[in-house]
Protein chains: 2
Amino acid sequence: MTSRIPSFDSVLSPLDYRDDHVALIDQTALPGRLEVLRIATVSEMVVAIQRLAVRGAPAIGIAAAYGMVLASRASCAPEHMAEAAEALRAARPTAVNLGWALDRMLGVFRAHEGRSQSELRAALLEEARRIHAEDIEGNKQIGRFGADLLPNGCSVLTICNTGALATGGYGTALGVVRAAWAQKKLTRVYACETRPLLQGARLNAWELLQEGIPFRVLVDSAAGALLAQGRVQAVLVGADRIARNGDTANKIGTYTLAVLAARHRVPFYVVAPASTVDLRAASGEAIPIEERGPEEVLAALGRQVAPQGAEAWNPAFDVTPAELIAGIVSEHGVLRPPYEETIPAACAPRA
Amino acid sequence: MTSRIPSFDSVLSPLDYRDDHVALIDQTALPGRLEVLRIATVSEMVVAIQRLAVRGAPAIGIAAAYGMVLASRASCAPEHMAEAAEALRAARPTAVNLGWALDRMLGVFRAHEGRSQSELRAALLEEARRIHAEDIEGNKQIGRFGADLLPNGCSVLTICNTGALATGGYGTALGVVRAAWAQKKLTRVYACETRPLLQGARLNAWELLQEGIPFRVLVDSAAGALLAQGRVQAVLVGADRIARNGDTANKIGTYTLAVLAARHRVPFYVVAPASTVDLRAASGEAIPIEERGPEEVLAALGRQVAPQGAEAWNPAFDVTPAELIAGIVSEHGVLRPPYEETIPAACAPRA
């Protein structure tokens, strides 16, 4: 464990590459303790991703990229690098940013084949840092585009953590909140606590307190009453994978918020970088949904809730159909329906 | 504390009157510990209701009735009895069964004015036991009417605890589950955990395990994915107060389930005895909604979740509009829209 908090260009970041390791905030310990882990190998990074020490689709993409740098420290043999990439890719199934970042890293690796190991390592580190820096820069663009959508004096509803901790260091949906707050457009954030792992109550609350942005935590099931009472003017959510037609996988509960927002005619925005788009997935049906262990539901903060012998159903994500999404806020601007056209136009790889 | 578990006519009951006190299961300690409290005074009963040692609209009505028996042990002076009734009535605002039971007890008290204290006490105890017995009998009727609504081989979704613990000793929505299970119509119960106090994961699970009925607990926000996947054929919820037009106040999150059920064309049934109907409330707007302290949200099972300084919004109930309710299952049968007509016809006091 190290004591220095990760930062990137003096922005709080959930992780940062140091000389021979990745310094990574253990998000499972927040807000109680701020612990910075020292991740020195690919397998340590895989474990950190699986146990959600680092989480959030953009952040785990960056973690995977740095994981490839760690791999190259042991060996730059192509088989070794390919194995490392596969181990990282398999760490979690739903967020597409993981595979996207790994494909970029493997591309750089192949482009430098035949170079010396130290040149290869330098090229990989440069690419990982570029992915990290681009994410922060993209988030800031996203924040500006998103804030423009919001009316003055508004309150917004969020789910999960979509801030600095979930990204390179600024935030997607919470990046829009930061930008709107800076523009004095925002009155209050209502933050769904986000069971089972409580990323809203633990992590969004931690970030919002640091920014001095007024907020209230609510249980996820109170979102219906909140919307019925007209307390929010927009719902802002992140994304783990966006299909070509706009269907969006995100934290379990997101779909419910979209259905409620539609009933109450409150705009529901997905806020995510283009790296979250999976052009190979034609619709939400093609997105793999991670089911996690029952103990996350049957316990809260590690303490048993349900009686011994109880079973649980614990999908970590759900899919919101495109028809419920008013706009997708990306670094390329706000994409609007028909998403089958606007998403490929904005997100197809450039020549 | 006593060791004998409360029962009424050998049915598990959340409470039972003994010689000089009420034996009451402390539902805040379940499922970890089965503790039976000894409640000997009105003020102890008020505290038990407020801190949810006894909860569930029908159960707190019965608790209030026995509370009046406890009051009569101290004195049968009319001012004393009126004060006791007001203290019990004010213990919690949303469930109408509390006031309904107290009005019955006060009616019996007034009908016996001038009698000896021991005659008065006996009459009050008889009325409280009648309220208790009628609730169980009504629940069993409700169970039969509700089970008739369900298709063979169905699975159902529930919220909060609506079983023996929430009633005189059988259950409303969980009473329908019991009856359907006995008829071999039921495959599985999906039980929303029901934050903030987790009555689903703690209490419904405890009752279902005892009955050997297959179930899975889910976080409340997973209900959207559950319904989207077609895993349940009905949603069964209890009620704390039903307005004359059918609008229904129940545990926070109920409204969200109703909106989701409507989207997925799954019937949404309110299951409650006629004592839950408030004919004086023209619509849901007339129902007072209890807001409870922020600590219930900011902590889970007493353990701090959110960082110090975080605020919370914690309504304990929400209102489901009548238009989303496919039927209200009462001991008088299944009431259908237009509720403005069917509710008063079924639930108006008889001459």
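**The interface between the chains**

Display chain A and chain B together and begin where they meet: about 4300 Å² of area is buried between chain B and chain A, and carbon and sulfur atoms give 66% of it. The model on the screen is a predicted one. The size of an interface is often given as the accessible area lost when the parts come together. Select next the residues in contact: 55 residues of chain B touch 55 residues of chain A.

**Two copies, one axis**

Superpose chain B on chain A. A turn of 180 degrees, with a shift of 0.0 Å along the axis, lays chain B on chain A with an RMSD of 0.0 Å. The two copies are therefore related as by a two-fold rotation axis. Both copies use the same surface, since 100% of the contact residues of chain B recur in chain A.

**Charged and polar pairs across the interface**

Show side chains at the boundary. Between chain B and chain A the count is 4 salt bridges. Select B:Arg263 and A:Glu323, which form a salt bridge whose closest N and O atoms are 3.4 Å apart. Side chains of opposite charge can pair when their charged atoms come close. Polar contacts across the interface of chain B and chain A number 18 residue pairs, both residues being at pLDDT 80 or more.

Which elements of chain B give two or more residues to the side that touches chain A? To see them, colour the following in chain B:

- the helices α7 (199-211), α8 (223-228), α9 (254-263) and α10 (295-298);
- the strands β8 (215-218), β15 (303-304) and β16 (311-312).

By class, this side of chain B has 33 nonpolar, 10 polar and 12 charged residues.

**A strand pair between the chains**

Switch to a cartoon view and select residues 311-312 of chain A. This is strand β16 of chain A, and it pairs with β8(B) in the parallel sense over 2 bridges. Within the pairing, A:Ala312 stands opposite B:Val217 in β8(B). Strands of a sheet pair through backbone hydrogen bonds, either parallel or antiparallel.

**A four-stranded sheet in chain A**

Move on to chain A alone. Here an open sheet of 4 strands runs in the order β13-β10-β11-β17, with mixed pairing. The edges are β13 (277-278) and β17 (317-320) of chain A; each has a single partner strand, so one side of each is left without a neighbour in the sheet. Now select residues 248-251 of chain A, strand β11, which is joined to β17(A) by 4 bridges in the antiparallel sense. One position to label is A:Thr248, whose bridge partner in β17(A) is A:Thr320.

**A salt bridge between helices**

Over all chains, the structure holds 40 salt bridges. For an example, show the side chains of A:Glu134 and A:Arg104, which meet in a salt bridge at 2.8 Å, N to O. This pair links distant parts of the chain: A:Glu134 belongs to helix α5 (residues 117-149) of chain A and A:Arg104 to helix α4 (residues 97-111) of chain A, 30 residues apart.

**Backbone features to finish**

Select A:Pro337 and A:Pro338, which are joined by a cis peptide bond with omega of about 0 degrees. A:Pro338 lies in the loop between β19 (333-335) and α11 (339-347) of chain A. In chain B, a cis peptide bond joins B:Pro337 and B:Pro338, again with omega of about 0 degrees. The loop between β19 (333-335) and α11 (339-347) of chain B holds B:Pro338.

The last stop is B:Leu52. Although not a glycine, B:Leu52 has a positive phi of about 70 degrees. B:Leu52 is found in the loop between α1 (42-50) and α2 (57-74) of chain B.

How values were computed:
Residues are numbered from 1 along each chain as its sequence is written. Chains are lettered from A and ligands numbered from 1 in the order in which they are written. Side-chain values use heavy atoms; hydrogens and water are left out. Copies are superposed by least squares on the C-alpha atoms of residues with pLDDT of at least 70 in both. Contact means heavy atoms within 4.5 Å. Buried area is the accessible area (1.4 Å probe) that two parts lose on being put together, summed over both. A polar contact is a pair of N or O atoms within 3.5 Å; within protein, one must be able to donate a hydrogen and the other to accept it, and residues adjacent in sequence count only if both atoms are side-chain atoms. Ala, Val, Leu, Ile, Met, Phe, Trp, Tyr, Cys and Pro count as nonpolar, Asp, Glu, Lys and Arg as charged, and the others, Gly among them, as polar. Two strands pair if DSSP finds at least two bridges between them.
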